[in-house]
Protein chains: 2
Amino acid sequence: MTATTAKPTSLSNIPLDIPTPTLVIDKAVALRNIKKLADYSKKHNLGVRPHTKTHKSIFFAKEQVKAGAVGLTVAKVGEAEVMANACNDLLLAYPALDPFRTGRIADLAKTHTMRVGLDSAYAADAIAAAAVAAGSTVGILVDLDLGFHRTGVQNPAEALALAQHISKTKGLRFDGVMFFPGNLWGDEPKMIQDLAALSVNLDEILLTFRKHGLEAKIVSGGSTPTAWLSHHVAALTETRPGTYIYNDRNCITVNVATIDDCAARIIATVVSNAVPGKVVLDCGTKTLTSDRLILDPNTAGHGYIVEYPKAKLVRLSEEHGEMDLTGCDRVPKLGERVQVIPNHICPCVNLQPHAYIKHENGSLEKVVVDARGLLS
Amino acid sequence: MTATTAKPTSLSNIPLDIPTPTLVIDKAVALRNIKKLADYSKKHNLGVRPHTKTHKSIFFAKEQVKAGAVGLTVAKVGEAEVMANACNDLLLAYPALDPFRTGRIADLAKTHTMRVGLDSAYAADAIAAAAVAAGSTVGILVDLDLGFHRTGVQNPAEALALAQHISKTKGLRFDGVMFFPGNLWGDEPKMIQDLAALSVNLDEILLTFRKHGLEAKIVSGGSTPTAWLSHHVAALTETRPGTYIYNDRNCITVNVATIDDCAARIIATVVSNAVPGKVVLDCGTKTLTSDRLILDPNTAGHGYIVEYPKAKLVRLSEEHGEMDLTGCDRVPKLGERVQVIPNHICPCVNLQPHAYIKHENGSLEKVVVDARGLLS
């Protein structure tokens with residue numbers, strides 16, 4: 001794995017004056033990640049609508065907007081309500097259809113350009129009813145299943161039927177289409193091939209729309225693993241990566257980031273060394289989650305320990321992270337601190353009531369994770 | 001699996017007037033679970049020190065105390081600070097050793113009987129220094145590794161050395177020993193055999209103590225899977241189960257609970273049915289976590305759906321739970337609500353800013369999850 005070959009960050013970089021376990025975000029690295037994607041997207045004439053589920057931070061959302069984002073993506077209405085402070089154009093990339101969501105969406109649409117991605121007439125009608133009641137209009141993207149098989153209409157006929165339904169429904173505005181290629185990561189030549197195949201299906205849907213007088217102004221798709229290959233999908237108008245701002249061990253493993261690109265790290269303390277061959281860190285599943293490494297779910301462990309690249313987080317309990325020391329050339333001491341790059345950063349951020357931003361001058365600022373733990 | 005054979009709870013039991021995904025706790029079932037363990041423990045002359053990491057609720061902690069708990073267990077100092085509102089006798093079953101924890105422990109010891117389980121002289125000295133500075137005394141349990149190999153001293157000699165060190169250290173009080181048998185679950189005859197072997201090792205340590213004039217007043221050990229077999233460890237003075245108050249799919253699978261004993265359920269809404277053969281619930285890893293089923297981690301899926309016992313939560317994203325309908329005799333509708341029993345309830349509770357208590361008369365009360373998301 002790429003992760004094990006890089007040189008460890010200096011121990012002196014670990015903040016010592018904050019309680020652990022905690023999340024520290026290197027601002028310079030996060031801003032560099034934002035700029036890198038902005039530059040790539042500009043070069044390819046692509047919009048970026050970053051998914052804010054990763055950082056859940058108004059501050060970083062504003063930085064993404066400053067860097068040229070065309071809008072922001074959210075997964076929950078609560079996140080939309082928070083991110084309404086950072087941007088006027090919000091996409092809820094989630095098939096919200098129940099009355100606890102639709103009314104709030106319609107309310108947001110009074111003051112913001114509010115868009116929702118969905119895959120059923122049922123959801124469209126529910127949002128339309130709320131929009132009519134609120135006197136607002138909600139933009140709708142038809143969610144397409146282009147291979148991940150989670151949500152999304154299945155073929156051009158279904159896509160057309162839903163788009164036509166949306167176009168005719170009061171309170172709604174047909175804005176285009178969206179898809180999430182969650183099945184694509186890893187081997188680049190294979191991904192390019194898969195994106196080409198995806199493009200064929202996407203183009204067929206868009207052509208069907210045009211034949212029936214419907215134009216998808218927004219064609220929104222992408223993830224962090226596909227972000228840098230988005231130009232292989234000609235019809236795309238915008239991408240929606242989330243993780244790219246912080247990156248994580250998954251990103252390293254699928255070769256879209258290096259260790260140095262990982263802006264968000266869990267700082268942990270060694271709390272036990274009683275069992276031979278291992279030490280215990282104070283980060284368990286209530287800090288790192290149980291999310292596994294997508295390319296090696298069963299044997300890769302639960303995170304990358306920057307100062308001990310050969311160590312492995314072999315087992316997590318809720319508050320314990322057991323770090324196997326096999327192959328390590330030195331042994332961590334009790335009370336020592338380490339930096340852990342989680343397998344998947346997004347749900348880890350969601351567990352933190354606050355984080356620390358490490359400024360360019362090295363100072364730490366305690367900040368609230370604005371949209372964490374919102375339920376719907 | 002036991003879970004698939006029980007009859008589904010009536011759909012009419014699902015609360016409809018609260019946003020999803022959310023946690024609903026059936027108070028009567030939780031109180032019944034508390035009473036059942038209290039009765040068992042009384043019968044066997046065992047104390048119970050429930051682990052509050054499961055419910056993180058002052059209300060339920062007080063109910064456990066009312067039912068006769070000898071004290072409460074916590075995993076974090078923050079949890080101790082919250083549970084100090086429910087009980088005077090608190091055990092931090094965690095090797096706290098850094099200055100962000102020790103000072104707060106010493107402060108709590110001014111007003112409460114505060115105990116800490118630990119496995120190093122380093123941790124003991126750190127707590128002692130804080131206690132001396134605060135003018136308080138902290139009770140210490142020597143943490144023993146009796147088979148789980150996570151934390152804990154390894155043998156009678158190490159246990160004795162640490163106990164003697166504690167006994168001689170100002171600011172500390174030697175209270176006894178603790179262990180966590182996290183390796184024991186499942187087959188009952190095998191567990192009884194394993195607990196007998198564990199007892200032999202435990203007794204040897206306690207005998208070694210006695211030979212050196214040390215008496216372990218507290219011998220604390222156990223988990224929910226071992227809770228009902230605790231009488232097979234003669235030396236035990238108290239047990240520390242946590243999950244038993246709510247139970248979960250793991251508890252069902254290892255035969256310590258039935259579906260009806262599962263007091264805490266996630267209420268979820270069907271938000272998509274666009275992909276053939278499945279529907280999508282609005283509960284993903286940010287609600288159910290990625291914790292796998294301990295007896296079947298790779299194929300059992302991510303929770304038990306009460307109304308659709310043959311369905312399987314085959315894949316979770318952060319906000320999506322994909323429910324495979326293979327074998328189901330009916331198909332959930334869009335907008336329909338279901339109850340999900342998570343694989344592991346403890347980290348799910350930790351994700352909820354609030355929960356709903358379902359009272360005996362069926363009414364729902366929105367309550368804060370008092371100790372959720374505390375970091376250290």
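**View 1. How the two copies line up.** Superposing copies here means a least-squares fit on the C-alpha atoms of residues with pLDDT of at least 70 in both. With that in hand, take this predicted model: turn chain A by 180 degrees, with 0.0 Å of shift along the axis, and chain A lands on chain B with an RMSD of 0.0 Å. The two copies are thus related as by a two-fold rotation axis. Both copies use the same surface, too, since 100% of chain A's contact residues turn up again in chain B.

**View 2. Around the axis at A:Ser290.** Looking for the spot where chain A gets closest to the rotation axis? That's A:Ser290, whose C-alpha sits 2.5 Å from it.

**View 3. The interface as a whole.** Here 67 residues of chain A meet 67 residues of chain B. Together the chains bury about 5200 Å², and 55% of that lies on carbon and sulfur atoms.

**View 4. Salt bridges and polar contacts.** Six salt bridges cross the interface of chain A and chain B. One to zoom in on pairs A:Glu318 with B:Lys53, where the closest N and O atoms are 2.7 Å apart. There are also 28 residue pairs in polar contact across the interface, both residues at pLDDT 80 or more.

**View 5. What chain A brings to the contact.** The elements giving two or more residues to this side are helices H4 (99-111), H9 (285-288) and H10 (345-350), plus strands S10 (264-272) and S11 (278-281), of chain A. S10(A) gives the largest share, four residues. Sorted by class, chain A's side of the contact holds 25 nonpolar, 21 polar and 21 charged residues.

Notes: Residues are numbered from 1 along each chain as its sequence is written. Chains are lettered from A and ligands numbered from 1 in the order in which they are written. This is a predicted model: local features need pLDDT of at least 70, side-chain atom pairs count only at pLDDT 80 or more; totals for chains, interfaces and linings use all residues. Side-chain values use heavy atoms; hydrogens and water are left out. Contact means heavy atoms within 4.5 Å. Buried area is the accessible area (1.4 Å probe) that two parts lose on being put together, summed over both. A salt bridge is a side-chain nitrogen of Lys or Arg within 4 Å of a carboxyl oxygen of Asp or Glu. A polar contact is a pair of N or O atoms within 3.5 Å; within protein, one must be able to donate a hydrogen and the other to accept it, and residues adjacent in sequence count only if both atoms are side-chain atoms. Ala, Val, Leu, Ile, Met, Phe, Trp, Tyr, Cys and Pro count as nonpolar, Asp, Glu, Lys and Arg as charged, and the others, Gly among them, as polar.
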